[in-house]
Amino acid sequence: MSIYLNDLQSKETVLANMEKMNSFGLRLTGSKGQNDFCAWLKEQAKGMGYEVLSNPYKFDKCEFKDYSLNIDGEDYHISSPFPYSGLTPEEGVTAKLTKVHNHPLGFLKAAGKIAVVRLKNISIMSSKLAFNKKNSMPEGLAIEKSYKGPVSTSFVKTLLTFWAPKLCGLKGMICIWEGMSDEMVEGQVLNFILSYLKVPMVWVNESTGKKVLEAAKAHKKATLKLTGSIDEADTESFCCILKGTDTSTNEAIIVNTHTDGCNFCEENGPIGILALMDYFKKHPAKRTIIFAFVTGHFRLPNFRIGKMASNQATGRWLNDNKALWNGEKFKAVAGCSVEHLGCTEWKDVDGKYTQTNPIDIELVYTGNKNVDKIYYEALKDRTMVRTITVKGHNTMHFGEGQPLSKKHIPEIALVTAPDYLCAVDPTGNMHMDKFNLDLMYEQIQTFINCVNILDTKTKKEIGKSKAYSFGLGRLK
C-alpha cells in the first residue's frame with residue numbers, strides 16, 4: 001500500500017517541528033512547557049483547518065524548585081528527585097542515615113531517619129512475565145530475556161514506596177541506582193505511577209551511592225533538601241476529527257498519543273500525528289479519523305481510569321468522550337497509538353553508556369492476528385526496521401494503546417522503550433544526540449500506511465480485540 005510521498009510533510013518540516021517541541025523545554029503534566037506545547041499543537045491543527053475539541057482538567061501538581069544532599073558538610077550529587085515523593089522545609093530535613101532492605105521490615109527500622117535503599121538493575125525477572133511475542137522483522141529478532149534498565153527497575157522495585165515510607169515515619173529516603181552507569185540514570189523522571197507519597201525522596205547514581213552507604217554505615221547525619229510547591233494546575237486533552245468520505249457509516253479509526261514528556265522521544269508522538277493530520281487532510285479516508293492528544297501520562301494516579309498500575313492516560317479521554325467511539329456518534333473499529341519515534345538504541349557496554357544500534361527495537365502491540373498482518377504489510381517497504389509485535393500479557397500492556405485494547409478496540413500501538421525514555425537531558429539538548437530523523441520519517445509513513453490499509457478492510461476483516469494472554473510468554 002503506497003502513499004503519496006509528494007504530499008507527505010518533508011523531513012525538514014518534521015525536524016523543524018521537533019525543534020519547536022524541544023524549545024518548550026520540560027513538558028511534564030500541567031507544566032508551562034506542556035501547556036505551551038499544547039497551545040502550539042492546537043494552532044497547527046487549526047491552521048490545517050481542523051476544529052479542536054478540548055477536555056480541560058485541574059489537578060494538584062507537585063513541582064520541585066531545589067534539591068540537595070549534604071553529609072558532613074559535603075554536597076553529594078543527586079541524579080534526580082523522585083516525582084511526587086514529598087517536600088521538605090526550605091532548610092531541608094536533617095536525620096541519621098540508615099541502610100534499609102527493600103521490604104516492609106526493612107523500612108520499619110528507619111523511623112525518624114533518612115533511609116538508604118539499594119535498587120539493583122533487574123536481572124532475574126524474566127521478560128516472559130510481561131511480554132508474549134507474535135512476530136518480528138527481521139525474523140529471529142528476540143525480546144530481551146530480562147527487560148533491564150531504569151524504567152522497568154523503578155516500576156518493579158519501588159512499589160513498596162507506595163505506602164512503606166509514610167507508614168514507617170521516615171524523614172526521607174535516598175534510592176541508589178545499582179548495576180547501571182551514572183550517565184544512564186541521570187535525570188530519570190521515575191517512577192510516575194505512584195500517588196503523592198509525602199516523604200521526600202531522591203535518586204543517586206551508583207558512584208554517589210557507595211559514598212552514601214559508607215556514611216550510613218558510620219551512622220552519620222545528612223541534610224536532605226527537596227523544596228517546591230503543590231498547586232492546582234491546568235492541563236488538557238484534546239482531539240481533532242476528520243470526517244470520512246463515506247457518509248453511509250459512522251465507523252472511525254482513532255490515532256492517539258500523549259503530550260506530556262521530558263525529552264525528544266517522550267513524547268514526540270504529537271509531531272508524528274501532525275504529519276498524519278496534514279496527509280489525511282489532503283487524502284481523506286472513507287472512515288472518520290479521530291486524532292487524540294491526551295494529558296496525564298506523567299501523572300497517572302490523577303488521570304488513569306481504574307486502579308491497575310498499567311492503566312494509561314488515554315483511558316480518561318475515552319471515558320470523557322464516549323460518544324466518539326462507542327457508537328453513539330462514531331464507532332471506533334481500530335486504533336493506532338503513536339509514541340516514541342526515531343529512537344536509537346543505547347546500552348551500557350563495559351560500564352560505558354553508548355549507542356549500540358541506530359534503531360531501538362520497536363515494541364508494537366497488535367490487537368489481533370488481522371491487525372498484526374496489517375502492520376507488517378504497512379512496513380514492508382521500510383529500509384530501517386527492527387520491529388517485534390506482542391500481545392497484551394498477564395494484564396500488562398505498556399503505552400497509550402492499552403486503553404484502546406481495554407475498550408475492545410483492536411490497536412496497532414508503538415511503544416519503543418529506550419533506557420533514556422524518561423530522562424531529562426542535563427545538557428538541555430533533550431537527548432537529541434540519540435534521535436534518528438530518518439527512522440522517525442519511516443515510522444510516520446508506516447502509520448499512514450496502517451490507517452490506509454485499515455480503511456480498506458471491513459469491520460469484520462479488522463476483527464475484534466483479543467484478550468490478554470497469560471502464563472509465560474514467548475520471547476523468540
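**Notebook: pockets, cavities, cores**

I began with the largest pocket and sorted its lining by class: 28 residues are nonpolar, twelve are polar and eight are charged. The model is predicted, and I keep that in mind throughout.

Next I looked up the volume of the largest pocket, which comes to about 1,100 Å³. Its lining counts 48 residues, and I noted those closest to the centre: Phe 131, Tyr 147, Val 151, Ser 152 and Phe 398. Then I asked which elements build this wall. At least two lining residues each come from helix α4 (150-157) and from strands β13 (345-349) and β15. Which of them supplies the largest share of the lining of the largest pocket? I found α4 there, with five residues.

**Second pocket**

I moved to the second largest pocket, where the space is about 530 Å³. I counted 25 lining residues; nearest the centre lie Leu 26, Leu 28, Phe 64, Pro 81 and Val 189. Two elements give two or more residues to this lining, β1 (52-71) and β3 (80-81). I credit β1 with the largest share, seven residues. By class, I get 13 nonpolar, six polar and six charged residues in this lining.

**Cavities**

I then searched for enclosed space. How many cavities of 30 Å³ or more does the structure hold? I found two.

The largest cavity has a volume of about 40 Å³. I listed its lining as Glu 362, Val 364, Tyr 375, Arg 382, Leu 414, Gln 443, Thr 446 and Phe 447. Two elements, β15 (362-366) and α13, each give two or more of these residues. With three residues, α13 gives the most. I sorted this lining into four nonpolar, two polar and two charged residues. I note that β15 also appears in the lining of the largest pocket.

The second largest cavity holds about 40 Å³ of space. Around it I find Phe 82, Pro 83, Tyr 84, Asn 191, Phe 192, Leu 194, Ser 195, Leu 197 and Arg 299. Six of these lining residues are nonpolar, two are polar and one is charged.

**Cores**

I turned to the nonpolar cores. The largest has 111 residues, and Met 277, Phe 291 and Ile 412 have the most contacts inside it. Which helix gives this core its largest share? I traced that share, ten residues, to α13 (residues 437-456). Apart from this core I located another one of 20 residues, including Ile 71, Ala 95, Val 204 and Leu 213.

I went back to Met 277 for its partners. Leaving out residues up to four places away in sequence, I list Ala 45, Met 48, Tyr 50, Cys 240, Phe 291 and Phe 293 as touching Met 277. Phe 291 thus appears among the partners of Met 277 and among the residues with the most contacts in the largest core.

**Ala 252**

Last, I checked one residue by itself. I placed Ala 252 in strand β10 (residues 251-258). Is Ala 252 buried or exposed? I call Ala 252 buried because its relative accessibility is 0%, and the cut-off for buried is under 20%.

For contacts of Ala 252, again skipping residues up to four places away in sequence, I have Arg 287, Thr 288, Ile 290, Phe 330, Lys 331, Ala 332, Val 333 and Ala 334. I also took one distance. Ala 252 and Val 212 lie 40 residues apart in sequence, and 55 Å separates them in space, C-alpha to C-alpha.

How values were computed:
Residues numbered from 1 in each chain as written. Predicted model: local features only at pLDDT ≥ 70, side-chain atom pairs only at ≥ 80, totals over all residues. Heavy atoms only, no water. Core = buried A, V, L, I, M, F, W, Y, C linked by side-chain atoms within 4.5 Å. Buried < 20%, exposed > 50% of the residue type's maximum accessible area, 1.4 Å probe, protein only. Helix = DSSP H or I, 4+ residues; strand = E, 2+ residues; numbered from the N terminus. Contact = heavy atoms within 4.5 Å. 1 Å grid on protein atoms, 1.4 Å probe; cavity = no way out; pocket = protein on both sides within 12 Å on 5 of 7 lines; lining within 4 Å. Points joined across faces, edges and corners; volume = space filled by probe spheres on them. Nonpolar A, V, L, I, M, F, W, Y, C, P; charged D, E, K, R; others polar.
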